[in-house]
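Q: I have a protein model open in front of me, and I would like to learn how to read its features one at a time. Could we go through it together?

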Amino acid sequence: DKVLKPLGAVTDGSQFLEPDGLFPNHIPNPEDKAAMEAITQAVLNNKADLGIIFDTDVDRSAAVDSSGRELNRNRLIALMSAIVLEEHPGTTVVTDSVTSDGLTAFIEKKLGGKHHRFKRGYKNVIDEAIRLNSTGEESHLAMETSGHGALKENHWLDDGAYMMVKLLNKLAGARTLNPNIGSKVLTDLVEGLEEAAVTVEIRLKIDQNHADLKGGSFRDYGESILKHLESVISKDPNLNKAPKNHEGVCRSSLLVSGS
């Protein structure tokens with residue numbers, strides 16, 4: 001109400017605006033299924049052009065278009081990449097390591113940019129974009145699938161609200177030309193993004209008291225599991241280890257694509 005209403009936006013239907021540290025409505029996480037369902041339903045019920053959702057400290061965000069389509073994870077990175085590459089043609093987009101091959105094709109083949117995967121962790125992704133700029137490789141966007149995002153023009157601040165302002169600027173500009181366009185301008189920007197039929201993240205938990213550790217270290221046991229997974233994958237023609245796995249196979253994670 002303090003920002004959008006004075007600019008002419010209709011914010012009727014906004015929900016859960018009163019802070020409550022017990023989070024009675026849903027987990028405050030743009031990756032959470034219940035959270036995304038709540039904002040999606042609010043958009044549809046109110047026939048809104050756009051829905052916006054943040055986490056508690058507003059460094060992560062996601063959106064929903066007028067049809068109820070979620071704009072998060074790879075889709076949100078694709079949308080932000082399209083906007084940034086219009087302003088800075090050919091720039092490098094830095095993301096975390098678990099983004100899709102479809103996103104790479106979208107950024108590089110459709111948008112004419114460069115996709116640079118790096119280690120998970122928003123600080124890692126932002127620092128890598130800063131490093132690339134220092135070496136002469138232009139980068140204007142650093143973003144994780146979690147919804148963390150930072151722009152060079154905003155001094156690399158991890159700022160979900162600023163990201164959503166970029167979307168709103170694009171939407172408002174289109175509506176001045178066509179008041180009935182809704183959020184189609186945003187949906188059109190991600191047209192052609194190839195998306196996986198199924199995406200699953202598996203987090204392995206290790207019981208430090210398990211007999212298999214045999215008195216060894218937690219790290220050694222974890223590394224032996226990852227080596228075993230790599231060996232199994234190499235023998236299965238339907239599985240492939242991601243060729244650019246900046247996490248390190250023997251350190252923290254294994255990225256796999258399969259049919």
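Q: Let us begin with charged side chains: which kind of contact joins the side chains of E31 and R60?

A: The model we are reading is a predicted one. A salt bridge is counted when a side-chain nitrogen of Lys or Arg comes within 4 Å of a carboxyl oxygen of Asp or Glu, and the side chains of E31 and R60 meet in such a salt bridge, at 3.6 Å from N to O. E31 belongs to the segment before α1 (33-45) and R60 to the loop between β1 (50-54) and β2 (61-65), so this pair ties together parts of the chain that are 29 residues apart in sequence.

Q: Are E31 and R60 buried or exposed?

A: The idea is to look at relative accessible area, where under 20% is buried, over 50% is exposed and anything in between is partly exposed. E31 has 37% relative accessibility and therefore counts as partly exposed, whereas R60, at 13%, counts as buried.

Q: Which other residue forms a salt bridge with E31, and how far apart are the closest N and O atoms?

A: One acidic residue can take part in more than a single pair, as E31 shows here: E31 forms a salt bridge with R73, and their closest N and O atoms are 2.3 Å apart. This pair links distant parts of the chain, since E31 sits in the segment before α1 while R73 sits in helix α2, 42 residues apart. R73 itself is partly exposed, with a relative accessible area of 27%. Taking a wider view, E31, D55, R60 and R73 are linked in a network of salt bridges, and the count of salt bridges comes to 14.

Q: Where in the chain do E195 and R75 lie?

A: The side chains of E195 and R75 meet in a salt bridge of 3.0 Å, N to O. E195 lies in the loop between α6 and α7 and R75 in helix α2, so the pair ties together parts that are 120 residues apart in sequence. E195 is partly exposed, with a relative accessible area of 38%, and R75 counts as buried at 18%.

Q: How should I read a helix, and which residues of α3 are buried?

A: An α-helix has 3.6 residues a turn, so residues three or four places apart point the same way. In helix α3 (residues 101-110), the buried residues are G102, L103, T104, F106 and I107, and they pack against α2 (73-87), β4 (92-96), β5 (114-118) and α6. Just after α3, G112 takes a positive phi of about 75°.

Q: Which residues make the nonpolar surface patch?

A: V198, V200, I202 and L204 make a nonpolar surface patch of about 470 Å². L204 lies in the loop between α6 (184-189) and α7 (218-234), and at 55% relative accessibility L204 counts as exposed.

Q: Which elements have the lowest and the highest mean pLDDT?

A: Confidence should be read alongside the shape. The protein averages a pLDDT of 88, and 94% of the residues score at least 70. Among the elements, strand β9 (residues 256-258) has the lowest mean pLDDT, 48, and strand β6 (residues 139-143) the highest, 98. Over residues 248-254 pLDDT stays under 50, and the model has 23 contacts beyond four places in sequence for these residues.

Q: Which residues does the UniProt domain annotation cover?

A: According to an unreviewed UniProt entry, the annotation "domain: Alpha-D-phosphohexomutase alpha/beta/alpha" covers residues 2-68 and 73-173. Residues 2-68 are 19% helix and 15% strand, while residues 73-173 are 51% helix and 18% strand.

Notes: Residues are numbered from 1 along each chain as its sequence is written. This is a predicted model: local features need pLDDT of at least 70, side-chain atom pairs count only at pLDDT 80 or more; totals for chains, interfaces and linings use all residues. Side-chain values use heavy atoms; hydrogens and water are left out. UniProt positions are given in the numbering used here, feature names are shortened, and annotations may be inferred rather than shown by experiment. Helices (H or I, at least four residues) and strands (E, at least two) are DSSP runs, numbered from the N terminus. Patches are made of residues with over 30% relative accessible area and no salt bridge: like charges are joined within 9 Å, nonpolar side chains (Val, Leu, Ile, Met, Phe, Trp, Tyr) within 5 Å. Accessible areas come from the Shrake-Rupley method with a 1.4 Å probe; for residues, only the protein chains shown count as cover. Buried means under 20% relative accessible area, exposed over 50%, partly exposed in between (1.4 Å probe, protein chains only). pLDDT is the predictor's confidence in each residue, from 0 to 100. Contact means heavy atoms within 4.5 Å.
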